[in-house]
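Please take a moment to look over the sequence and the model before reading on. The paragraphs that follow lead through its confidence, its empty spaces and one residue in a loop.

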Amino acid sequence: MAQAAAMLAAAQRVLVITGAGMSADSGLPTYRGVGGLYDRELTADGISIEQALSGDMFKRDPAVSWKYIAEIERACRGALPNDGHRALAAMASRFERFCVLTQNVDGFHQSAGSRDVIEMHGAIHRLKCTRCHWHATVENYTRLDTLPPCCPDCSSVVRPDVVLFGEMLPDRALLQYEQALGEGFDLVMVVGTSAVFPYIAAPVQRAAMQRRATMEINPQRTDISEYCDVCLQATAADTLVALAGAM
């Protein structure tokens, strides 16, 4: 912990990469595993959750995808940013740049006060029409009259502004990501993600090759642990609060 705090104190430009473990302390369930929403192999419809929440399924039968999207939103309803989100937001003012790249779609980083956020997978409460330019942000899905909802302007199907399985990452987020990496960071910190996606692992591997500082916060070792100078095997919220207090 002392080494991690010293790394933060010496940094000027920090990239923080967050995954599902970041929001676990807010009580958000995971898709699979102990306590997960879908810890069985198949859903009630006899297909995997990855199939149900795929771009192909949304095109073929949006009602199936919306059934499980709404189920996830309902399970997460009422959850709030945790102390870890707030600790990251409080740290930001101490650095030249403090960018948060998140896989999460809950919007908690912004709600906690972070401003430099790249939402790689979108946000579940942002809705957009699949045909026209209509879009809106809703507090929760109780405001939706039907599932799947229809656009008030053109009556086409509306979808959440998230990346479904099998879909490409959004151009805007990718551009932000590429620009941020191009400008460079002297510390990359990975919190609560197994980093299975190349765009998550790449900044850590790149920083290690350039002999930049790297740090991981995760209860278990992951595929990127070997690239990190410091691995704190602990939960996100308590660790980030302790780091913020030690700076």
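The score called pLDDT is the predictor's confidence in each residue, and it runs from 0 to 100. This is a predicted model, and over the chain the mean pLDDT is 91, with 95% of the residues reaching 70 or more. A stretch that calls for caution is residues 31–36, where pLDDT stays under 50, although the model has 15 contacts for these residues beyond four places in sequence.

With that in mind, we can turn to the spaces inside the model. Rolling a probe the size of a water molecule over the atoms shows where empty space is left. Counting cavities of 30 Å³ or more gives one, and the volume of the largest cavity is about 30 Å³. Which residues line the largest cavity? They are Leu15, Leu101, Ile118, Tyr177, Ala180, Leu181 and Phe185, and when this lining is sorted by class it has seven nonpolar residues, no polar ones and no charged ones. Helix H8, which spans residues 171–183, supplies the largest share of the cavity lining, namely three residues.

Helix H8 appears again at the second largest pocket, whose volume is about 370 Å³. The lining of this pocket consists of 19 residues, and those that lie nearest its centre are Glu119, Gly122, Arg126, Asp161 and Pro170. Several elements take part, since at least two lining residues come from each of strand E3 (117–119), strand E4 (122–129), strand E6 (158–162) and helix H8. Helix H8 gives the most to the lining of the second largest pocket, with four residues. By class, the lining of the second largest pocket holds eight nonpolar, three polar and eight charged residues, whereas the lining of the largest cavity has no charged residues.

Finally, consider Ser225, which is found in the loop between strand E8 (213–217) and strand E9 (230–232). Is Ser225 buried or exposed? Its relative accessible area is 3%, and because buried means under 20%, Ser225 counts as buried. A polar atom of the Ser225 side chain lies 2.8 Å from the backbone nitrogen of Thr222. Leaving aside residues up to four places away in sequence, Ser225 touches Glu216 and Cys231, so that this buried serine has its contacts described both within the loop's neighbourhood in sequence and beyond four places from it.

Methods:
Residues are numbered from 1 along each chain as its sequence is written. This is a predicted model: local features need pLDDT of at least 70, side-chain atom pairs count only at pLDDT 80 or more; totals for chains, interfaces and linings use all residues. Side-chain values use heavy atoms; hydrogens and water are left out. On a 1 Å grid over the protein atoms alone, a cavity is a set of points where a 1.4 Å probe fits but cannot get out, and a pocket is an open set with protein on both sides within 12 Å along at least five of seven lines; lining residues have an atom within 4 Å of a point. Grid points are joined across faces, edges and corners, and a volume is the space filled by probe spheres set on the points. Ala, Val, Leu, Ile, Met, Phe, Trp, Tyr, Cys and Pro count as nonpolar, Asp, Glu, Lys and Arg as charged, and the others, Gly among them, as polar. Buried means under 20% relative accessible area, exposed over 50%, partly exposed in between (1.4 Å probe, protein chains only). A polar contact is a pair of N or O atoms within 3.5 Å; within protein, one must be able to donate a hydrogen and the other to accept it, and residues adjacent in sequence count only if both atoms are side-chain atoms. Contact means heavy atoms within 4.5 Å.
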